[in-house]
Amino acid sequence: MKLSVIGTGYVGTVTAACFAELGHEVICVDTDEKKVDMINSRQAPIIEDGLDEILKRNVGVSLHATNNYEEAVRNTDFSFICVGTPSDIDGNIDLQPLKNACRCLGTNLRNKKKYHCVVVKSTVVPKTTEDVVIPIIEKESGKSAGSEFGVSMNPEFLREGKAVYDFMNPDKIVIGGIDKRSQLCVKELYDKIDTNVSITDLKTAEMIKYVNNSFLATKVSFANEIGNICKLMGINTYEVMEQVGKDFRISPHFLRSGAGFGGSCFPKDVRALIGKSIELGYDPKILQSVIELNEKQPLKVIDILKKKMNKLEGTQITVLGLAFKSGTDDIRESSSIPIINYLLEKGAYVVAYDPLAMNNMRNVFSNIRYTSTIEEALENSDACLLMTDWDEFREIDNELNLMKRKLVIDARYVLNPNDIKADIKYEGLCW
Ligand code: UDX
């Protein structure tokens with residue numbers, strides 16, 4: 001089957017590459033020439049496990065990129081909208097990129113005779129496909145949704161760093177559609193994937209995505225709250241959650257407490273659901289607490305640091321881990337950001353190391369020192385803050401000896417508290 005993918009960010013690039021790998025003919029569309037050129041020269045515009053190999057196999061064979069909507073719409077039967085939906089200053093999602101994509105699709109559908117199905121994959125608040133996407137495309141194309149073109153909403157549940165694996169091995173596929181024809185033709189695209197496929201209406205599919213992410217974010221904030229209480233009682237919350245997670249009704253996942261959740265999805269999606277609820281006259285207390293607790297959680301690291309050190313001015317603090325989680329170079333909403341801000345404000349000298357995310361962090365902080373090894377980062381430091389759970393941070397016993405004062409604050413349970421040497425002052429965030 002032939003499909004186009006609008007937007008070559010995390011979701012768009014992975015979707016396009018994986019559909020090509022499944023045997024479809026795929027055209028990526030982006031207005032950014034640089035990204036188009038990168039894909040056409042078989043380079044992934046993002047760091048994602050397994051993506052480079054898929055691009056190498058498929059670009060020039062069943063996959064190519066263009067900035068030309070007309071070419072993409074004319075030569076394919078489906079267009080997946082995968083543009084970003086960033087938050088505006090009030091936390092509501094900014095629909096401009098989505099509206100632009102809809103206008104371009106609509107204009108190019110005007111003269112197309114063959115049936116074409118528009119599939120929204122971008123995360124949008126319930127009813128956006130009905131109230132925003134369909135009216136724009138109908139206006140620009142002069143056609144009616146359902147009878148003259150198909151409309152579907154097919155949310156993604158891809159974790160950064162594991163997105164290719166998640167696309168190929170999903171727990172579920174949700175396909176919302178304006179009618180049976182739209183639902184069934186999108187379902188066919190996934191025929192080679194063996195999983196549970198649910199067919200819904202458009203707004204239910206949109207809601208499933210928000211609830212999925214909001215529930216996981218709630219689990220993390222709940223785990224952090226329990227961790228904060230455990231800390232006050234000298235209990236290791238990880239031991240507690242290991243047992244609690246054995247209850248099949250709870251499951252062991254997303255119970256790791258630490259410095260809070262970040263990334264491009266959880267904070268934005270929970271805030272958008274809060275914004276929508278308030279707009280509807282409902283006060284979403286649980287969701288608001290999830291965000292409130294998450295915003296305060298990184299500062300718990302600072303509370304511990306302040307208790308251990310008389311003053312921060314003039315001290316050297318090492319931050320190990322800048323990415324919002326391991327396995328990615330993404331620093332969006334990373335809990336390291338408020339911490340580095342605070343340290344700089346107090347006059348500390350910050351040295352940072354991350355295996356992948358230093359380049360991205362340079363755009364946020366040009367005034368801290370980045371090192372190419374863990375050793376360099378720890379040399380002569382007064383404290384080390386472990387902010388991301390990279391595997392390479394688990395074996396840093398010898399490197400810790402390079403520090404001036406051996407204070408380690410572990411915000412992600414990277415080190416095993418039972419293995420810490422006697423001369424290291426170790427403090428866990430929630431244990
Ligand atoms: C998430 C969803 O998992 C995915 O389905 C969705 O489509 C996009 O958003 P991602 O943002 O890549 O994926 O990150 P994820 O692995 O879910 O972790 C989110 C955040 O929660 C990270 O900051 C992580 O460190 C934190 N987290 C996760 C915890 O603090 N504790 C946990 O137990 C699990």
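**Close-up 1. Lys 325 meets the ligand through its side chain.** In this predicted model, an N or O atom in the side chain of Lys 325 sits 2.9 Å from an oxygen atom of the ligand. The ligand would expose 670 Å² if taken alone, and the protein buries 91% of that area. Lys 325 is also listed among the closest residues around the ligand, along with Glu 160, Phe 254, Arg 256 and Gly 262.

**Close-up 2. Backbone atoms of Phe 157 and Glu 160 face ligand oxygen.** For Glu 160, a backbone N or O atom is 2.6 Å from an oxygen atom of the ligand. For Phe 157, the distance from a backbone N or O atom to an oxygen atom of the ligand is 3.4 Å.

**Close-up 3. Here is the whole shell around the ligand, with 18 residues.** Sorted by class, the shell holds 9 nonpolar, 7 charged and 2 polar residues. Helix H9 (residues 202-233) supplies the largest share, 3 residues. Both domain 1 (2-209) and domain 2 (299-428) take part, each giving at least three residues to the shell.

**Close-up 4. Now for the second largest pocket, with a volume of about 250 Å³.** Two elements give two or more residues to its lining: H9 and helix H13 (299-308). H13 contributes the most, with 5 residues. Have a look for Asn 228, Lys 231, Lys 300, Asp 303 and Glu 427, which are among the lining residues. Leu 232, Ile 304 and Leu 429 belong to the lining too. By class, the lining divides into 6 charged, 3 nonpolar and 1 polar residues.

Definitions and conventions
Residues numbered from 1 in each chain as written. Predicted model: local features only at pLDDT ≥ 70, side-chain atom pairs only at ≥ 80, totals over all residues. Heavy atoms only, no water. Near = heavy atom within 4 Å. Polar contact = N/O pair within 3.5 Å; in protein donor to acceptor, adjacent residues only side chain to side chain. Areas by Shrake-Rupley, 256 points an atom, 1.4 Å probe, with all protein chains shown as cover. Helix = DSSP H or I, 4+ residues; strand = E, 2+ residues; numbered from the N terminus. Nonpolar A, V, L, I, M, F, W, Y, C, P; charged D, E, K, R; others polar. Domains from an automatic or database assignment. 1 Å grid on protein atoms, 1.4 Å probe; cavity = no way out; pocket = protein on both sides within 12 Å on 5 of 7 lines; lining within 4 Å. Points joined across faces, edges and corners; volume = space filled by probe spheres on them.
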